[in-house]
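This briefing covers how the chains are related, how selected helices pack, and where the backbone departs from the usual. Please read it alongside the sequence and the coordinates.

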Protein chains: 2
Amino acid sequence: MKLTLITLIASTLLAANAFAADPLPSWGDTAPKQNMIAFVEKVTKEGSADFVPAPERIAVFDNDGTLWSEQPMYFQAFFIFDRIKALAPQHPEWKDKEPFASVLKGDVKSALAGGEKALIEMAMATHAGMTTDEFEKIVSDWVASAKHPKTGKLYTEMVYQPMLEVLAYLRANGFKTFIVSGGGIEFMRPWAEKVYGVPPEQVIGSSIKTKYEVVDGKPAIIRLPELNFIDDKAGKPVGIHQHIGRRPIFAAGNSDGDFQMLEWTTSGKGARFGMIIHHTDAEREFAYDRESHIGKLDRGLDEAGKRGWTLVSMKNDWRAVYPVVKH
Amino acid sequence: MKLTLITLIASTLLAANAFAADPLPSWGDTAPKQNMIAFVEKVTKEGSADFVPAPERIAVFDNDGTLWSEQPMYFQAFFIFDRIKALAPQHPEWKDKEPFASVLKGDVKSALAGGEKALIEMAMATHAGMTTDEFEKIVSDWVASAKHPKTGKLYTEMVYQPMLEVLAYLRANGFKTFIVSGGGIEFMRPWAEKVYGVPPEQVIGSSIKTKYEVVDGKPAIIRLPELNFIDDKAGKPVGIHQHIGRRPIFAAGNSDGDFQMLEWTTSGKGARFGMIIHHTDAEREFAYDRESHIGKLDRGLDEAGKRGWTLVSMKNDWRAVYPVVKH
């Protein structure tokens, strides 16, 4: 009995030690990992000058390019294209109407030639006109089956293992983790809890307007083809304030769309942590920055150093990129 | 040593029992309390047909008239009037401009004669044009010092003790508690955590637009004199969906402004709980319903029964109204 107890205590201590020694096993022992651990240890140490009470430990993460891949185009764009194809029989007019016609011909480049305006037009045509429950089911079904054209993986298998570890590590240290993405809030919520451990109420994103209605005695929230909020660039601090109501102390992003979120987070008083994922790994993922149409990182690359933000090189700082998934 | 341990265990069990026996001491042993306990027990009992996993235990509460008093006018209106008086020296034009002129003369009735339009005009003049940090300080200072004209209490002392117990009881049972109010989101957040135990990220309310700006190298979020969202009536399910992204299973309100929130909550699948606080206690609080300009309860009173909502009579079902506060 005594021996068993001692064994139990010893193995518990060993396990605790092992965790304390390496809470981030997919990260190399380079500066980013060391910086993160040093930050978490000081803000969680009671009595330390940098101590932050648990309710104020708010961490925000961009999604596209920060928690999962975003090349050759945002995964939500693949979803939009698939929806256009699925809905085409109900929209014979799309055959002659851009950008829909190009999508139906499989000509992605022409479909995206209209830039943000074309993308919003396609989003409205595919993301509105149904109830929120119906849209949730459409997203869930797509995410469970659609495959990435290059890797052949489910999109949710293209999340970054090292970032899953950061999310879990922060939560284990009393942080509340939020997603703050330019992507659609209702495109992420159906799977963010299962994949990232982030519940719907901690997902912030771009949104369209909705309307509450009772139809045939059945209450529903209807999705309207009208923009409500763009959660990108200077919109990210606004979205954070609207949803969270406090300034984060930890922010991670990967593109200049995250610049203001990092700036807002790290310019607050006390200990703060800003991190930029730099896509440097053409072999295991993708390599792009200043010249990329998706996830352009230019100003952030110039200013990370002087602002004290931790720049993460996927190639040099990550031991693994995607999780090992068993089918 | 052994005795001490047994004593410890015994007293722990007693404490647990005492809590299990009466988690809501300020509620009389009438139907509302019994209904609430029966609901919480069935949704938290694993293996029960009505079991709800903890992450889906979302409870939403209106604020004015549900968690604190709202007579003779919304407490935020007192705040607005006090702000108009404080800002008057910087606005000499207000002396001749309604509704400001009436406020400065102390003529509340005329000031409010313009209805919602006048109230919004006054809110814009007093709630915008500063940073979010500055506004938070203004609200915090006011809440710490302003007194209700009838009771002489701080406004935060006019919260309902029985409802504080409901919030704590639900949280002890794995619920996440949210405020969903027609009042200003940034008017509630500075004190909701301390008073209700509800953190800023779980406060939903009406809002004005904001803008992120870097002024003289200092990032700030500026409050703009433009409406963003009205979180009332059919806006409440919309606000709930936008912020929480899942349908609550528990909703409490007191006026017809909460009707759609209760309808949306209780028409979902599985066990649901809807509660309406009926202001029946002119002696300890206020008595009003169908004819009141503030907190009108008419349709809710008619339909509560057939919709299975629990109607709470303040006079008959509450042993106490306000908390006992020691100064």
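In which hand, left or right, does α2(A) pass α8(A)? In this predicted model, the crossing in which α2(A) passes α8(A) is right-handed. The points below set that crossing beside two other helix pairs, the relation between chain A and chain B, and a few backbone features.

**Helix α2 with helix α8 in chain A**

- Helix α2 (residues 31–44) of chain A packs against helix α8 (residues 161–172) of chain A at an angle of about 15 degrees, and their axes lie 11 Å apart.
- Because angles under 35 degrees count as roughly parallel, α2(A) and α8(A) are described as roughly parallel to each other.
- On the side of α2(A) the contact is made by A:Met36, A:Ile37 and A:Val40, and on the side of α8(A) by A:Val166, A:Tyr169 and A:Leu170.
- Sorted by class, the contact of α2(A) with α8(A) consists of 6 nonpolar residues, with no polar and no charged ones.

**Helix α3 with helix α6 in chain A**

- The axes of α3(A) and of helix α6 (residues 115–127) of chain A come within 9 Å and cross at roughly 55 degrees, which makes α3(A) oblique to α6(A).
- The crossing of these two helices, α3(A) and α6(A), is left-handed.
- From α3(A), the residues A:Gln76, A:Phe79, A:Ile80, A:Phe81, A:Arg83, A:Ile84 and A:Leu87 meet A:Leu119, A:Met122, A:Ala123, A:Ala125, A:Thr126 and A:His127 of α6(A).
- This contact of α3(A) with α6(A) divides into 9 nonpolar residues, 3 polar and 1 charged.

**Helix α7 with helix α9 in chain B**

- In chain B, helix α7 (residues 132–143) and helix α9 (residues 185–196) have axes that come within 9 Å and cross at roughly 65 degrees, and α7(B) passes α9(B) in a right-handed crossing.
- The residues of α7(B) in this contact are B:Phe135, B:Glu136, B:Val139, B:Ser140, B:Trp142 and B:Val143, which meet B:Glu186, B:Phe187, B:Pro190 and B:Trp191 of α9(B).
- By class, the contact of α7(B) with α9(B) holds 7 nonpolar, 1 polar and 2 charged residues.

**Relation and interface of the two chains**

- A turn of 180 degrees, with a shift of 0.0 Å along the axis, lays chain A on chain B with an RMSD of 0.0 Å, and that is the relation of a two-fold axis.
- Among the residues of chain A, A:His243 comes closest to the rotation axis, its C-alpha lying at 3.3 Å.
- The contact between the chains involves 37 residues of chain A and 37 residues of chain B, and 100% of the interface residues of chain A are also interface residues in chain B, so the copies meet through the same surface.
- Chain A and chain B bury about 3000 Å² between them, with 50% of it on carbon and sulfur atoms; in chain A, the residues that lose the most area to chain B are A:Glu201, A:Tyr212 and A:Gln242, together 23% of what that side buries.

**Backbone features**

- Most residues other than glycine have a negative phi, and most peptide bonds are trans.
- The peptide bond from A:Gln71 to A:Pro72 is cis, with omega near 0 degrees, and A:Pro72 is placed in the loop between β1 (58–61) and α3 (75–87) of chain A.
- In chain B, a cis peptide bond joins B:Gln71 and B:Pro72, with omega about 0 degrees, and B:Pro72 is found in the loop between β1 (58–61) and α3 (75–87) of chain B.
- A:Asp216, although not a glycine, has a positive phi of about 50 degrees, and A:Asp216 is placed in the loop between β3 (203–215) and β4 (218–229) of chain A.

Conventions
Residues are numbered from 1 along each chain as its sequence is written. Chains are lettered from A and ligands numbered from 1 in the order in which they are written. This is a predicted model: local features need pLDDT of at least 70, side-chain atom pairs count only at pLDDT 80 or more; totals for chains, interfaces and linings use all residues. Side-chain values use heavy atoms; hydrogens and water are left out. Axes are lines fitted to C-alpha atoms, for helices over the stretch in contact, and angles run from 0 to 180 degrees between N-to-C directions. Helices (H or I, at least four residues) and strands (E, at least two) are DSSP runs, numbered from the N terminus. Angles under 35 degrees count as roughly parallel, over 145 as roughly antiparallel, 65 to 115 as roughly perpendicular and the rest as oblique. A crossing is left-handed if the near helix is turned anticlockwise from the far one by less than a right angle, and right-handed if clockwise. Contact means heavy atoms within 4.5 Å. Ala, Val, Leu, Ile, Met, Phe, Trp, Tyr, Cys and Pro count as nonpolar, Asp, Glu, Lys and Arg as charged, and the others, Gly among them, as polar. Copies are superposed by least squares on the C-alpha atoms of residues with pLDDT of at least 70 in both. Buried area is the accessible area (1.4 Å probe) that two parts lose on being put together, summed over both.
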